[in-house]
Amino acid sequence: MSVAFTGMKKENVDASGATTMAQGHKFQDLEEMGEALLEYVNSTQTDKLALMKAEHQALFDQHVETKKIVTQILKEEAQIEESVGQRLLDMEEEKQQRDRELEGLEQQLRQCMAKSQITDSELQFLKGELESLRNAEDQLETLQSEVDEDTTEVIPSAVYVAQVYYLITKIKWEYETPPNILKGVHYGTDLATPINIDTTARSRSNVSDQLWGFVSTEW
Amino acid sequence: MCLKKCKDDEMLFETIQTFKIDLEQKNSSLKEKQHDISEVISEIQQKEMQKDEIIQKIEKLKEEQAKRKELIVSQNKANKDRLRNLQKARLVFQDHLGMEIRTILGKTQLVKGEKLQFVFRNINPSDQESAYVVTLGIKEDGAYQIVSSDPVLECLPALESRLQETNNLPAFLANVRKEFISQARS
């Protein structure tokens, strides 16, 4: 190195010689460095390198392994995604089907409720009919008791009175006559006598007297 | 990118959860609806049964009623017709013969006239409406008994004994009438 310094101090004397000398010095340096490097390389650092290489290899292997695993994971994930996606679609379809079913049931329910209401009003109508039949029944009962009363009391009583009248007068009347004409027959013991009186021409007591004339005062 | 994927996947699972819950709700709605429908159907069935019952009742009642009605109506008509004729006769006797017969009921039910009242009108020419009454009772053996007369007739007891002797009601009444007339027209 002292040679270099010496060279540099004397530079202005011989430029090219100095340069060559400088280059020569540089090559020397390189050589020395090369040697030093070779020495270094050939020294114990080789183990370190080998170690480094091994580590590097290990890292590489790990990387490959990791990549494999990650790829697998991603693959599985893709599969899962696919199946999940499918599941989602299935669920979507199921949901739509349920919606349709629900719609159907809603409609069914509406129909049933409508039918129920119709049946209700039919029942109401029928109950009304039954009620009016029961009323008719009551009316019938009333008529029946009127008939019963007539049959058991009113008619017998009227018949009795008619019988008494006949017993006393022996007269039977004709009814299809004009209003002022009194027509009938008196059934005497031997004789049947017709009666024909114009009541407008006579006084009441006069008519009565004549009719009573048919009833004998003889005991 | 992994993070984004993670987020997407999380959303996916959330969606699935939502769907799941939704589906469960829908299923329970369906069950409910089905249940409601069954209830309504059984209600309807009950009501139909009720209907049938009532219809049967109505049919039966209508039939019975129709029969009864026919019978009752015809009986009533016959009764009323008979009564009408009996009434006519009674009126003619009442108005023209001038004698009304009244049956007076005792406390018990009418037994062929426990008492008979004979109401004479057309006796007094100046007051045709005024009434002359004689009341008789009929005993269990059928014998007549005079109860009273209005106006009073002095000869009534004599007439009563003749009546009881002969049982001749027509003659008795004719004589009573004669007495009333002689009282009224003298």
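## The sheet in chain B

Let's start with chain B, where four strands line up as an open sheet in the order 1-2-3-4, with antiparallel pairing. The edges belong to strand 1 and strand 4 (144-150) of chain B; each has a single partner strand, so one side of each is left without a neighbour in the sheet. On average, neighbouring strands here are turned by 20° against each other, direction ignored. Keep in mind that this is a predicted model.

Now for the pairings inside that sheet. Strand 1 (residues 99-104) of chain B meets strand 2 of chain B over six bridges, in the antiparallel sense. Two residue pairs help you find your way along this pairing: Arg102(B) has Gln117(B) in strand 2 as its bridge partner, and Ile104(B) stands opposite Lys115(B) in strand 2 of chain B. On to the next pairing: strand 2 of chain B and strand 3 (residues 132-138) of chain B are also antiparallel, over six bridges. Here Phe120(B) has Tyr132(B) of strand 3 as its bridge partner. As for cover, strand 2 (residues 115-120) of chain B is mostly tucked away, with five of its six residues buried.

## The sheet in chain A

Chain A has an open sheet too, built from three strands in the order 1-2-3 and paired antiparallel. Its edge strands are strand 1 (171-174) and strand 3 (192-198) of chain A, each pairing on one side only. From one strand to the next, the twist averages 25°.

Strand 1 and strand 2 of chain A make a hairpin with six residues between them, and four bridges hold this antiparallel pair together. Within it, Lys172(A) stands opposite Val185(A) in strand 2 of chain A. A second hairpin takes strand 2 of chain A on to strand 3 of chain A through four residues. Seven bridges join strand 2 (residues 181-187) of chain A to strand 3 of chain A, again running antiparallel. Ile181(A) has Asp198(A) in strand 3 as its bridge partner, while Leu182(A) stands opposite Ile197(A) in strand 3 of chain A.

Which residues of strand 2 of chain A lie on its covered face, and which on its uncovered one? Leu182(A), Gly184(A) and His186(A) make up the covered face, whereas Ile181(A), Lys183(A), Val185(A) and Tyr187(A) make up the uncovered one. That puts the two bridged residues just mentioned on opposite faces: Leu182(A) on the covered face and Ile181(A) on the uncovered one.

## Two helices in chain B

Back in chain B, helix 2 (residues 156-166) packs against helix 3 (residues 169-185) at an angle of about 165°, with the axes 9 Å apart. That angle makes helix 2 of chain B roughly antiparallel to helix 3 of chain B. The crossing of helix 2 of chain B past helix 3 of chain B is right-handed.

## Aromatic rings

Across all chains, a search of the whole structure turns up five aromatic pairs. One to look at is Tyr165(A) with Phe93(B): the ring centres are 4.4 Å apart and the planes are at 5°, so the pair is stacked. This pair crosses between chains, with Tyr165(A) in helix 3 (residues 45-169) of chain A and Phe93(B) in helix 1 (residues 2-97) of chain B. Are these two residues buried or exposed? Tyr165(A) is buried, and so is Phe93(B).

There's also an aromatic cluster, made up of Trp212(A), Phe120(B), Tyr132(B) and Phe180(B). Two of these names should ring a bell: Phe120(B) and Tyr132(B) are the bridge partners from the chain B sheet.

## Lysines over a tyrosine ring

Which lysines have a charged end over the ring of Tyr166(A)? One of them is Lys170(A), whose charged end sits 5.7 Å from the ring centre. Lys172(A) also has its charged end over the ring of Tyr166(A), at 4.8 Å from the centre. Lys172(A) has already come up above, as the residue opposite Val185(A) in strand 2 of chain A.

Note on methods:
Residues numbered from 1 in each chain as written. Chains lettered and ligands numbered in written order. Predicted model: local features only at pLDDT ≥ 70, side-chain atom pairs only at ≥ 80, totals over all residues. Heavy atoms only, no water. Phe/Tyr/Trp six-rings, centres within 6.5 Å; stacked < 30°, edge-to-face > 60°. Buried < 20%, exposed > 50% of the residue type's maximum accessible area, 1.4 Å probe, protein only. Lys NZ or Arg CZ within 6 Å of the ring centre and 35° of its normal. Pairing = 2+ DSSP bridges. Axes fitted to C-alpha atoms, helices over the stretch in contact; angles between N-to-C directions. Parallel < 35°, antiparallel > 145°, perpendicular 65-115°, else oblique. Left-handed = near helix turned anticlockwise from the far one by under 90°.
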